[in-house]
Amino acid sequence: MIISIASGKGGTGKTTIACNMAVSIGHDVQLLDCDVEEPNAHLFIHPIIDNTKTITTPVPIVDEEKCDLCGKCVEICQFKAIVILGDTILPFHDLCHSCGGCELVCPVKAITETDRELGEIEDGHLDGLQFVHGRLRIGEAMSPPLIKKVRTYCETDKLAIIDAPPGTSCPVIAAMKGCDFVLLVTEPTPFGLYDLRLAVGAVKILGIPCGLIINRSDMGDDSVWEYAKETGIPILMEIPFERKIAEAYSRGDLIVEIMPEWKAKFLELYETIKAIVY
Amino acid sequence: MKELVIISGKGGTGKTSLVAAFASLSNNHVLCDADVDASDLHLILDPQIKKQQDFISGNSAFIENEKCTQCDICRDLCRWDAINENYVVDQIECEGCGVCVHFCPEQAIAFPENHCGEWFISETRFGPMVHARLKIAEENSGKLVSIVRQESKALAEERNIDLMLTDGPPGIGCPVIASLGGATAVLIVVEPTVSGKHDMERVLQLANHFKIPALVCINKFDLNIEQTLEIEAFSRKNNLTTIGRIPFDSKFTKAMVEGKTIIEFNNNSESSQAIRDIWKFFEDRFQLMGG
């Protein structure tokens, strides 16, 4: 089973939920940090890293000897990633989406492919928990291909918990698509609710069942509860604001470490999700 | 014409609340909401939309069944495996590269443009604002960010306004890169947590990569004084100016619930005072910066 933890708004507690749940379950569980722009789960899990791998995407190089500047590659490229300037052909690797169209269309076979680095994937473990995260290269614009690569580490016989990036556009979709359940973490504020509605819209497009966690549940107003009632989305957990929790988070400590009684709540959360999915 | 872009790396550190507070302190500016994916600034500023425009960007492939001979060329060439065995294109997977369209021997694949959202020019009680709404699950957020910034700039020039206040998106990817280019400076809003510091370091590397000067301010600084001191030490070591500390204050949430900036909600609170000091510092400093 794959559970993706998403939110719309940033900073609502996705990583907290993902890490506490994964550590509470403890064995036969994978934690995949798909917030590759700003991965944070490792700061709470402190996994032993076993492998680091550079992830690349193919981009074109042009053999200028062979190129006769016919312009067919420029024509097919939808991303303006290859242009003719005077009598040179110039690929812009940063803009390339790696579709391979330019190579396919070149009549004189002047185009081959090289690699652009997207970032790194590290995988490791902490006891029975398998840990994987992606780390986007600074300056790299496209995170979805790296997120998809992180997701290839999912093993079908294990529970995989995905820490998704914020937002509702392509990176989040890459982190949620094909999951069995999406856990949406929100806060009961106007920003939290507005972005939650967008996140629910994205989950609906993908047709995945979802549930809510309301974090800092005593700061704000009741509109999130009203929204949950209206839409029939189940509220699976409420976490009140406690300075102790906020301070633990600031140090990189898990809730279940400072308040062990929460472990049972996270295990129950998992059981509830299983009951919804199966 | 100068532009301050407020970013954070990590989401939820208080970017939007701070931009809104700045808006109520600054006299003459254009507001630009560059967080087009999950924009929230409008929830405080209640913009009255004066102009609305569609955001059309990219294309998507659609196979016309009656023309398709099921030759499979499109399925072989598609690098996103976006075309299933029934020759239907998965619109979420389709990258819009047009390779299938080009190589289909039957010209059976249509390639219409995508309507990805809207952008708006509005008026607020704190001056003009340019903002946008990217449709859910859409791509090209970077392009929409560029449009919103260009339109803000054009509006500022038209009205003889020399400051743009831009609410940036979280992360370090495509929309953030699009919100940085050509900015006078970025203000990184960081919270004193291990994640906040980690993410600030990455977004700072990004700002350095594009050679944009960066300033730092620490929100909820009293949540963890040790982390606050570490962030300040890190800033000094990297020649970054920390322009202020804002205390943890539940009034931010209360102000938000009422649709007000913290300055409007409680002008005398410690947090409002801290933000006024930051704004003052920033105004003095900004005079000296290029743009």
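What follows is a chat between a colleague and a modeller about a predicted model with chains A and B.

Colleague: Let's start with the chains. How many helices and strands does chain A have, and how many does chain B have?

Modeller: Chain A has eleven helices and eleven strands, and chain B also has eleven helices and eleven strands. The C-alpha atoms of chain A fill a box of roughly 70 × 40 × 35 Å along the principal axes. For chain B the box is roughly 70 × 40 × 35 Å too.

Colleague: What makes a residue count as buried here, and what share of each chain does?

Modeller: A residue needs 20 or more other C-beta atoms within 10 Å of its own C-beta. In chain A, 50% of the 278 residues are buried; in chain B, 54% of the 291 residues are.

Colleague: Where do the domains of chain A lie in the sequence?

Modeller: The assignment gives domain 1 as 2-55 + 119-277 and domain 2 as 64-109. Their C-alpha centres lie 40 Å apart. Chain B is divided into domain 1, 2-56 + 117-288, and domain 2, 61-111, with C-alpha centres 41 Å apart.

Colleague: On to the sheet in chain A. Why are β3(A) and β11(A) called edge strands?

Modeller: Pairing takes at least two bridges between two strands. β3 (48-62) and β11 (235-239) of chain A each pair on one side only, so they are the edges. The sheet is open, has nine strands and mixed pairing, and its order is β3-β6-β7-β2-β8-β1-β9-β10-β11. From one strand to the next, the twist averages 20°.

Colleague: How do you know that β6(A) and β7(A) pair?

Modeller: The cut-off is at least two bridges, and eight join β6 (residues 111-126) to β7 (residues 129-136) in chain A, so they count as paired. The two strands run antiparallel. To pick out one bridge, A:Ile121 has A:Gly134 in β7(A) as its partner.

Colleague: Which strands does α7(A) lie across?

Modeller: α7(A) lies across β1 (2-6), β9 (181-186) and β10 (210-215) of chain A, and runs at about 170° to β9(A). Angles here go from 0 to 180 degrees between N-to-C directions, so about 170° puts the helix and β9(A) in nearly opposite directions.

Colleague: What makes a set of residues a nonpolar core, and how many residues has the largest one?

Modeller: The members are buried residues of certain nonpolar types, joined through C-beta atoms within 7 Å. The largest core has 146 residues, and A:Ile162 and B:Ile188 have the most contacts inside it. α7(A) gives the most to this core, with eight residues. A second, separate core of 16 residues includes B:Ala61, B:Ile63, B:Ala82 and B:Val101.

Colleague: Which residues is B:Ile188 in contact with?

Modeller: Leaving aside neighbours within four places in sequence, B:Ile188 touches B:Ile7, B:Ser8, B:Met200, B:Val203, B:Leu204, B:Ala214 and B:Val216.

Colleague: Last topic, the contact between the chains. How many residues does each chain put in?

Modeller: Chain A puts in 52 residues and chain B 51. On the chain A side, α4 (101-105), α6 (170-176), α7 (190-206) and α9 (243-251) each supply at least two residues. α7(A) gives the largest share, eight residues. By class, that side has 23 nonpolar, 21 polar and eight charged residues.

Definitions and conventions
Residues are numbered from 1 along each chain as its sequence is written. Chains are lettered from A and ligands numbered from 1 in the order in which they are written. This is a predicted model: local features need pLDDT of at least 70, side-chain atom pairs count only at pLDDT 80 or more; totals for chains, interfaces and linings use all residues. Two residues are in contact if their C-beta atoms, placed from the backbone, lie within 7 Å. Helices (H or I, at least four residues) and strands (E, at least two) are DSSP runs, numbered from the N terminus. Ala, Val, Leu, Ile, Met, Phe, Trp, Tyr, Cys and Pro count as nonpolar, Asp, Glu, Lys and Arg as charged, and the others, Gly among them, as polar. Domain bounds come from an automatic or database domain assignment. A residue is buried if 20 or more other C-beta atoms lie within 10 Å of its own, exposed if 12 or fewer, and partly exposed in between; C-beta atoms are placed from the backbone.
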